[in-house]
Amino acid sequence: MSEPERTFSGHRGLQLEEALIFEQGSPERTAVDLPQPANRVDRLGGLQRRSAIGLPGLSEPEVVRHYTRLSQKNYCIDSGLYPLGSCTMKHNPRLNEKVARLPGLGDLHPLQPVSTVQGALEVIHTCAHWLMTLTGMPAVAMSPAAGAHGELVGLMTIRAAIEDRGERRARVLVPESAHGTNPATAHACGYAVEAIPANARGRVDLEALRAKLDTDVAAIMVTNPNTCGLFESDVIEIAAAAHAVGAFFYCDGANFNAIVGRVRPADLGIDCMHINLHKTFSTPHGGGGPGSGPVVLTAELARYAPLPYVVCESGRYLLIEHGADDPDARPLGRIKGFHGQFGMFTRALAYMMAMGADGLRQASGDAVLNANYIMARLKDVLHPAFPGPCMHEVVFDDTTLKDTGVSTLDLAKALIDEGFHPMTMYFPLVVHGAMLIEPTETESLETLDLFIETMRALVLRAKAGEAAAFHQAPRLTPRRRLDETAAARRPVLRWQPAAIDKAAE
Amino acid sequence: MRYLPLSEDDRRHMLAAIGARDIDDLFSDVPAPARLADPVDLPGHQGEIAVEQAFRGFAGRNLSPAEAPCFLGAGLYRHHVPAAVDHLIQRGEFLTAYTPYQPEVAQGTLQYLFEFQTQVALLTGMEVANASMYDGATACAEAVLMAVRLGKTRRRAIVAGGVHPHYRDVAATYGRFADIDMIAAPPSWPGTDDPAALIDAKTACVVVQNPDVFGRIHDYSDLAEACHRAGALLIVNVCEPVSLGAITPPGEMGADIVVGEGQSFGNATGFGGPTVGFFATHTRFVRQMPGRLVGQTVDADGRRGFVLTLSTREQHIRREKATSNICTNSGLCALAFTIHLTLLGEAGLRRLAALNHANAVALADRLARIPGIEVPDGAFFNELTVRLPRPAAPVVEKLAADGILAGVPASRLFAGEPGMEALLILAASELTSESDLERLAAGLREALS
Amino acid sequence: MAQVRYTQEHEWIRIDADVGTVGITDFAQQQLGDIVFVELPTVGSQVRAGAEAAVVESVKAASEVYAPASGEVVAVNEALAEEPAKVNADATGGGWFFKIRLADPGELEALMEPAAYKDYVAGLS
């Protein structure tokens, strides 16, 4: 491969370099024309901001060009396959965006009188109804802002329920393969975290779990399907074992996309599960948020659901903001400002209504089919960490790369040059050099085939001794591998004016 | 089904490659009693036309603030969002990108977050800011947790009466499970409480808000000094960041952590979410910060680039020892924030803030002319609280029935707190027109007569 | 010559009279990769044998450093704040972490001698 040409401007065809906004424009320029305020005496009480803020000024065309150029440095689902295991990067329908922005939905203020927002409360109530029906659970707390936030709320309800029983329990059990959020959440709720080992089949070791369960355990946090892409086949026994010692079963619902419409978590004995609307229900990831993480709850835990929540009484929707209305409720209090990620409820509901009960069932089936197809077609060149069938994602270990000088990371970076986003790497931690691939149901057979052929070609090149080329990858991106060590040793977390830069040196 | 590309032929071909009879075969690990034979009891799939009509139906049962004189604030503010903002954030490369863990293919997201961090630091007058939080209220709660981590054995957090009650409640919920001793002062109006009097040797932090929930602005310099003398940190919360274009930033008053709600820039009020929290502090505290951070570095060819950095604070590496369980920022809302602020620039932000203040002064003057309404003398930015001669909530309801969104009754925020019944919190903005003021004044006159 | 002892968690301690200098082993720094940050105990604090005393971070991992023996921290290696790379370059010399005044020299008996540690590491790979 020849070196990319050096150019005078630094641009390379469609790869356009773009300076920071702070290196552009001038302070008096602006892209927003606002009227001159009427000349009134101010009421700022002498607290005027006197020094310059330091913001750059740009015109509208400059601003539009800046962000357009930045956008062109990003990979996205709209441009190609995102086989990130555990992340469910599926297509984001544009209808969702359209309805979320309708006047009368996107522009509502959360503190309008409830008489003026009956339609919005109906959206929340309807979205909740779909989520409860799909999970088989009797209640859902809608306000958590993201999956991890949902975990936090779920564990808070569990701790509140345990304290209400007059008990003190100190431990939460979490499988070694769990998402990092699980132990972090348990710790944030004041619990000590203890690992549950996996068995050779990549599932929770039921006997080891039973040995650790006692009346000091508040909850188990189990992802199902788990982070190895496998259904916990003993899940009903796991739930029973937890319940037998009075512990709760928290299910991490990050992988709900594999089973939606086919399996109701309620039928597995769970007490509590968060749902990532930005995974299963197609709301956009937006470069890292915002998310939305409603938590479904059993009737026992529902008493502790956070404020506020919506109830429907004879056709009229009420917003319970202070918890004084229901004598049985023992609400946690608020866990976020206002009423939850409403804009995500509109998007998720639009998706669910578009798919329908039949479409959602087909979606989970296709998601699982696509992952198993990848496993079947790659298993002769890459080693599946566990025998099939898998659920919506398949994990390979790095056995076949041994002694090639090519690591999982190198393979992933080479995939970038081939026009694909890398798979999830080195997670779950229990699989050596893990490559976790989740195609989702919104990829066509043609796309899967090209991905598979590309992976096969890369593995064969690695085995053919072309390690050096892998270490150079990626070569065709706006930036090549970045020096993360330098970034962490001497953090530069903001732009500084040149004069301050010099003074600091 | 328009979102699913596989045809029946494709499925047969794939099942053959796998060696499975049908898709149900692939679910053999699911215990048989838990496998549903049929779709759940919900409606079947629908085309775009039907779904869009359903949502127009939902929307039609609400009163859009665009159709009404609107004086609602109390934590979220209706501002004009320039057309370019919504156009740019809907570019698929922003909207449908993942978290920028692979920096070679995510420089766009990383650079705008680096610019966002810089803008927040400049606005708040602090040294460093993170890549955003869920919202202002959770940012505030995380600030309290961080102050308690830094305070080691100090576990008391004092929350002033002027802090938005949602923020106070969220901090209390988080604190309940984190063994934090929270002292929340009751709200007071027209007077204010004195959090300095509550500081003791166990105090990790004092939380105040500027402008406070009643719209009043304060100089917290003396409080900052009192905190620092006692070894405590001052957390200042800002719900209306447009104010930072007009008033002294918390950093210049001596704040140690500045948090807040960034919705005012680029984001609609959206019935409460999603929005974007911000979080800024001193460089020396950076390793105790929650949330993602973007840092500058170079690539293999020596060119400037950006990466997520200091990730060892975070849950995916540190697990139960992480500074927070957060695994999300508010990326797209932060993008809307940063685009709007870039469009404004220094001059535009100054003008926007001046316009907001001028319209709020006009609102105050207009309200002062209505018999029976008590308008206080103190300093404010774009929001103020007045006392009506009767409970505010029914008055607001009555005006809403006439298509006027007259503000937020303090009793809705502070249920059961004494002295709140007759208080009405009203905000003005660059969108407030003379005719809005006219209709509000007429409506209030009639309701109070 | 000062004697050096090792823990199973890959810390070393070099004994000079009643003061022990503590760091992580070359094996440990290799496993971690480029060290980007070291969090040290405060001088004057007490550490307990086997308890967490410091943290060492690479870009993708953070590891606790456990005190090989109990005692009062009498010095820390301030240079690591500016130059954490010293741990990679010279783990058993300039990359030391902290010094403690040994509370109970008898605790050292539980630690490995150099030859034993060498065998221990050989058994790990």
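D78(A) forms a salt bridge with R94(A), and their closest N and O atoms are 2.3 Å apart. A salt bridge here is a side-chain nitrogen of Lys or Arg within 4 Å of a carboxyl oxygen of Asp or Glu. The pair links distant parts of the chain, 16 residues apart. D78(A) sits in the loop between α1 (60-71) and α2 (94-100) of chain A, and R94(A) sits in helix α2 of chain A. Helices (H or I, at least four residues) and strands (E, at least two) are DSSP runs, numbered from the N terminus.

This is a predicted model: local features need pLDDT of at least 70, side-chain atom pairs count only at pLDDT 80 or more, and totals for chains, interfaces and linings use all residues. Residues are numbered from 1 along each chain as its sequence is written, chains are lettered from A and ligands numbered from 1 in the order in which they are written, and side-chain values use heavy atoms, with hydrogens and water left out.

**Salt bridges**

Over all chains, the structure holds 58 salt bridges. Side chains of opposite charge can pair when their charged atoms come close. Four examples follow.

| Acidic partner | Basic partner | N to O distance |
|---|---|---|
| E122(A) | R61(B) | 2.9 Å |
| D267(A) | R264(A) | 3.1 Å |
| D301(B) | R480(A) | 2.8 Å |
| E57(C) | R287(B) | 3.2 Å |

How exposed are the partners? Buried means under 20% relative accessible area, exposed over 50%, and partly exposed in between (1.4 Å probe, protein chains only). D78(A) is partly exposed because its relative accessible area is 38%. R94(A), at 33%, is also partly exposed. R264(A) has 28% relative accessibility, so it counts as partly exposed. D267(A) is partly exposed too, with a relative accessible area of 32%.

The bridge between D301(B) and R480(A) crosses between chains. D301(B) lies in the loop between β8 (294-298) and β9 (304-308) of chain B. R480(A) lies in the loop between α12 and α13 of chain A. D301(B) is partly exposed, with a relative accessible area of 37%. R480(A) counts as buried because its relative accessibility is 11%. Elsewhere, salt bridges that share partners join R171(A), E194(A), K212(A), D214(A) and D216(A) into one network.

**R479(A)**

R479(A) lies in the loop between α12 (467-472) and α13 (484-489) of chain A. R479(A) counts as buried, because its relative accessibility is 10%. What does R479(A) contact, leaving aside its neighbours within four places in sequence? Its partners are E17(A), E104(B), Q107(B), D299(B), R303(B), R304(B) and G305(B). Contact means heavy atoms within 4.5 Å. The side chains of R479(A) and E17(A) are joined by a polar contact of 2.7 Å. A polar contact is a pair of N or O atoms within 3.5 Å; within protein, one must be able to donate a hydrogen and the other to accept it, and residues adjacent in sequence count only if both atoms are side-chain atoms. M137(A) is 342 residues from R479(A) in sequence and 47 Å away in space, C-alpha to C-alpha.

**Chains A and B**

Chain B and chain A bury about 17,100 Å² between them, with 63% of it on carbon and sulfur atoms. Buried area is the accessible area (1.4 Å probe) that two parts lose on being put together, summed over both. The contact takes 208 residues from chain A and 194 residues from chain B. Between these chains there are 12 salt bridges. There are also 100 residue pairs in polar contact (both at pLDDT 80 or more). On the side of chain B that touches chain A, helix α11 (residues 331-368) gives the most, with 26 residues.

**Chains B and C**

Five residues of chain B are in contact with 11 residues of chain C. The area buried is about 630 Å², and carbon and sulfur atoms give 45% of it. In chain B, R287(B), T312(B) and R318(B) lose the most area to chain C, together 66% of what that side buries. One salt bridge is found across this interface. It joins E57(C) and R287(B). Two residue pairs are in polar contact (both at pLDDT 80 or more).

**A sheet in chain A**

Four strands of chain A form an open sheet in the order β10-β11-β13-β12, with antiparallel pairing. The edge strands are β10 (383-384) and β12 (424-425), each pairing on one side only. Two strands pair if DSSP finds at least two bridges between them. β11 (residues 394-397) and β13 (residues 435-437) of chain A pair over three bridges. V394(A) has I437(A) in β13(A) as its bridge partner.
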